[in-house]
Amino acid sequence: MTVARVVVDSPLPQLDRLFDYAIPDALADEVAAGVRVRVPVRAQGRTMDGYVVELAETSDYQGRLAEIDAVVSPVPVLDPAVWRLARRIADRAAGVASDVLRLAIPKRRARVESAFHTTALSVVGAMPVARYPEAVAEADRIVLRVIPEPAAWARTIVELASGVLAAGDSVIVVLPDQRDIERLLAVAALVLPPDRLVRLDAGQSDAERYRSFLRARLEPGVLIVGSRAAVLAPAQRLGLLIVWDDGDPMLHEPHAPGVHARDVALVRQELSGCRLVLAAHAPSVEAERLVELGYCRRIEPAGRPPRVVPTVLQTGDAGPAQQARIPSTAWRAASEALRDGPVLLQVSRPGDEAAIGTERTAADLGRAFPRARIIVADAAHPVAEVGSQPAIVVATRGAEPVAPDGYRAVLLLDGERMLARESLRVAEDYVRTAANAIALAAPGAPVYLAGVGGRIARAFTTWRLDELAREELAERTAARMPPAVRTATLLGAPAAVEAAITAAGIAHDDVIAPVRLEDGQLRSVIRFDYRRGAEVAAALRTEILRHAAGRGARRGGRAVVGLRVRFDDPLLFGAEPMRRGAATGPA
DNA sequence: AGCACGCCGACT
DNA sequence: GTCGGCGTGCTC
């Protein structure tokens with residue numbers, strides 16, 4: 001007798017395992033691995049949706065098997081490789097596999113399914129990956145520093161992908177936000193036929209998203225371009241996985257089990273054997289760690305680094321530039337560059353609102369650059385692109401518009417304010433966002449850094465941003481802070497949290513930042529070495545399970561969470577998520 | 001989540 | 001006696 005092993009779509013840890021079901025004769029033709037089914041759970045009427053993970057000839061279950069209620073759709077939406085990945089990701093975060101599947105598999109749209117058909121794909125030629133050592137197209141796992149010139153990152157990614165597509169394999173590119181996705185797709189569309197491009201992000205309608213998902217699942221040899229969840233896309237014959245700007249906090253998934261796309265990518269590379277590229281202008285501290293371990297190979301481009309000049313605001317300066325808090329050398333260079341084209345000013349806050357006295361305002365900048373056209377770009381006023389005519393473009397971090405031929409000068413202002421934030425990752429965030437702005441400058445255009453000195457300024461002038469990441473990692477190693485160690489945040493009744501810490505075998509010194517919350521719950525952060533990760537996760541999962549069903553799980557008739565666990569939370573230690581284009585620093 | 005099973009207090 | 005409280009355990 002054939003039985004179906006089913007994972008039910010439920011966030012309950014008690015249900016996070018496979019259930020065996022009998023297959024009624026009427027459904028024998030439709031039930032197959034990967035299809036969506038409806039199954040009875042705890043008999044008498046109650047049904048839940050789930051996926052058939054596999055078919056088997058026998059069952060270990062002692063009782064009488066229930067029958068599958070219905071096949072929701074004959075399309076095998078659950079790819080076996082994605083199932084293994086989801087299981088692994090859930091396990092290493094003490095989470096539930098179906099939580100991962102919910103991110104991986106979009107809502108079903110029956111109409112999209114019935115209209116869907118695959119066609120033969122156009123031919124694609126492999127392009128050389130220009131200006132990098134040859135290993136860029138060969139090494140298994142790469143930390144890639146990308147040429148800091150406008151759109152060079154996107155061209156490099158497309159060039160890397162082309163060779164894989166030409167061989168008939170698929171590529172997944174994961175990017176932090178929608179604007180990056182659109183920019184990459186625009187560059188890809190110049191050299192790749194549209195039938196090879198699959199967009200997969202949250203900005204799409206349910207129908208578009210489901211159609212893209214089906215294409216990724218059923219068409220080999222496509223370039224899948226998407227946001228963090230795209231790292232779970234069911235690519236057929238996955239040859240290459242690329243994560244762009246892996247230090248960006250947007251790549252962290254806020255939904256349970258709360259994993260970062262880079263970590264998913266690393267696990268997926270290990271399971272599937274595809275190639276992996278972590279590409280950025282500035283290497284993340286996590287990427288630096290992987291290089292130092294010898295797990296990833298560092299690859300850097302050939303060519304001249306950008307011209308970065310640190311400046312200070314002289315107290316003796318007077319006039320409109322001083323009023324707008326722009327160092328005079330930077331102001332002179334910007335005024336000169338303004339004759340040739342657009343000039344970018346990266347600032348900590350936009351200041352075009354009813355601004356408080358100390359704020360930098362567009363009006364201040366207007367006085368500093370009389371007659372110049374002023375363009376303000378921030379989270380509230382997104383501007384994707386500016387022309388090549390002269391203009392002062394004032395942008396907050398992550399909201400910088402692209403200039404087609406590059407900015408004639410870039411001024412990175414408000415450094416002290418951006419670095420004043422209370423966070424483990426301020427320096428890292430600063431370097432990453434500054435490097436991204438610098439890459440918008442035309443080749444050879446000057447870049448001025450204001451309010452930043454010491455080793456950060458030195459790293460920019462020498463363009464040795466990897467050294468900064470190395471120093472940062474050394475500090476984290478000495479302090480036993482992530483990413484030198486892994487962490488888990490435990491939340492629940494004090495007794496539950498204490499019991500979990502004991503069960504996980506965590507020493508007293510490795511329990512950090514315990515906080516008693518107003519509702520009486522305790523939140524503690526534990527840290528541990530990577531090699532203990534699987535062991536800690538397994539122990540914590542057992543504790544979660546104990547509290548999910550046992551005493552303390554319920555109070556006053558309503559379900560109360562007994563113990564919540566989140567691994568590697570990037571929002572630890574006072575760090576706020578850095579939203580793109582949002583104001584940063586003290587008001 | 002929901003639902004069944006099981007072992008202690010007030011009841012027709 | 002036994003009706004039902006919810007604490008405890010299970011879901012193929």
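This is a walk through one chain, stop by stop, with something to select at each.

Before you start: this is a predicted model, in which local features need pLDDT of at least 70, side-chain atom pairs count only at pLDDT 80 or more, and totals for chains, interfaces and linings use all residues. Residues are numbered from 1 along each chain as its sequence is written, while chains are lettered from A and ligands numbered from 1 in the order in which they are written.

**Stop 1: the domains**

Colour chain A by its domain assignment: domain 1 (1–76), domain 2 (114–299), domain 3 (307–476) and domain 4 (486–567). The bounds come from an automatic or database domain assignment. The centres of domain 1 and domain 2, taken over C-alpha atoms, are 34 Å apart.

**Stop 2: Phe 19**

Select Phe 19, which sits in strand S2 (residues 19–22). Helices (H or I, at least four residues) and strands (E, at least two) are DSSP runs, numbered from the N terminus. Phe 19 is buried, with 21 other C-beta atoms within 10 Å. Here "buried" takes 20 or more other C-beta atoms within 10 Å of a residue's own, "exposed" 12 or fewer, and "partly exposed" anything in between, with C-beta atoms placed from the backbone. Leaving aside neighbours within four places in sequence, Phe 19 is in contact with Val 6 and Val 8; contact means C-beta atoms, placed from the backbone, within 7 Å. Now add Val 52: it is 33 residues from Phe 19 in sequence, and 9.5 Å away in space, C-alpha to C-alpha.

**Stop 3: helix H4 and its surroundings**

Jump to helix H4 (residues 152–166), whose 15 residues reach 21 Å from first C-alpha to last, close to the 21 Å expected at 1.5 Å a residue. That expected span is 1.5 Å times one less than the number of residues. How many of the 15 residues of H4 are buried? Twelve of them are, including Trp 153, Arg 155 and Glu 159. Show what the buried residues pack against: strand S7 (170–174), helix H5 (178–191), strand S9 (223–226), strand S10 (238–244) and strand S11 (275–280). Just after H4, look for Gly 168, with a positive phi of about 90°.

**Stop 4: strand S10**

Next, select S10: seven of its seven residues are buried, so the strand is largely enclosed by the rest of the structure. S10 pairs in the parallel sense with S7 over five bridges, and with S11 in the parallel sense, also over five bridges. Strands count as paired if DSSP finds at least two bridges between them. To see individual bridges, pick Ile 172 with its partner Leu 241 in S10, then Leu 240 with its partner Arg 275 in S11. Follow the chain from S10 through helix H7 (residues 261–272) to S11, and you trace a right-handed β-α-β crossover; that is, with the strands pointing away from the viewer, the path from the first strand over the helix to the second runs clockwise.

Pause in the loop between S10 and H7, where Asp 245 lies. Asp 245 has a positive phi of about 55° although it is not a glycine, and it is buried, with 24 other C-beta atoms within 10 Å. Most residues other than glycine have a negative phi, and most peptide bonds are trans. Pro 257 lies in that loop between S10 and H7 too, and a cis peptide bond, omega about 5°, joins Ala 256 to Pro 257.

**Stop 5: the six-stranded sheet**

Show the open sheet of six strands, in the order S13-S18-S17-S14-S16-S15, with parallel pairing. Strand S13 (307–311) and strand S15 (374–377) are at the edges with a single partner strand each, so one side of each has no neighbour in the sheet. Neighbouring strands are turned by 20° against each other on average, direction ignored. At the S15 end, S15 and strand S16 (residues 391–396) pair in the parallel sense over four bridges; Ile 375 has Val 393 in S16 as its bridge partner.

Now add helix H10 (residues 328–337), which packs on the sheet, touching S13, strand S14 (342–347), strand S17 (409–412) and strand S18 (446–450), with its direction at about 150° to that of S17. Helix H14 (residues 454–462) packs on the sheet as well, touching S13 and S18, at about 155° to the direction of S13. Axes are lines fitted to C-alpha atoms, for helices over the stretch in contact, and angles run from 0 to 180 degrees between N-to-C directions.

**Last stop: the second cis bond**

Finish at the peptide bond from Pro 482 to Pro 483, which is cis with omega near 5°. Pro 483 is in the loop between helix H15 (465–479) and strand S19 (486–492).

Terms used:
Two residues are in contact if their C-beta atoms, placed from the backbone, lie within 7 Å.
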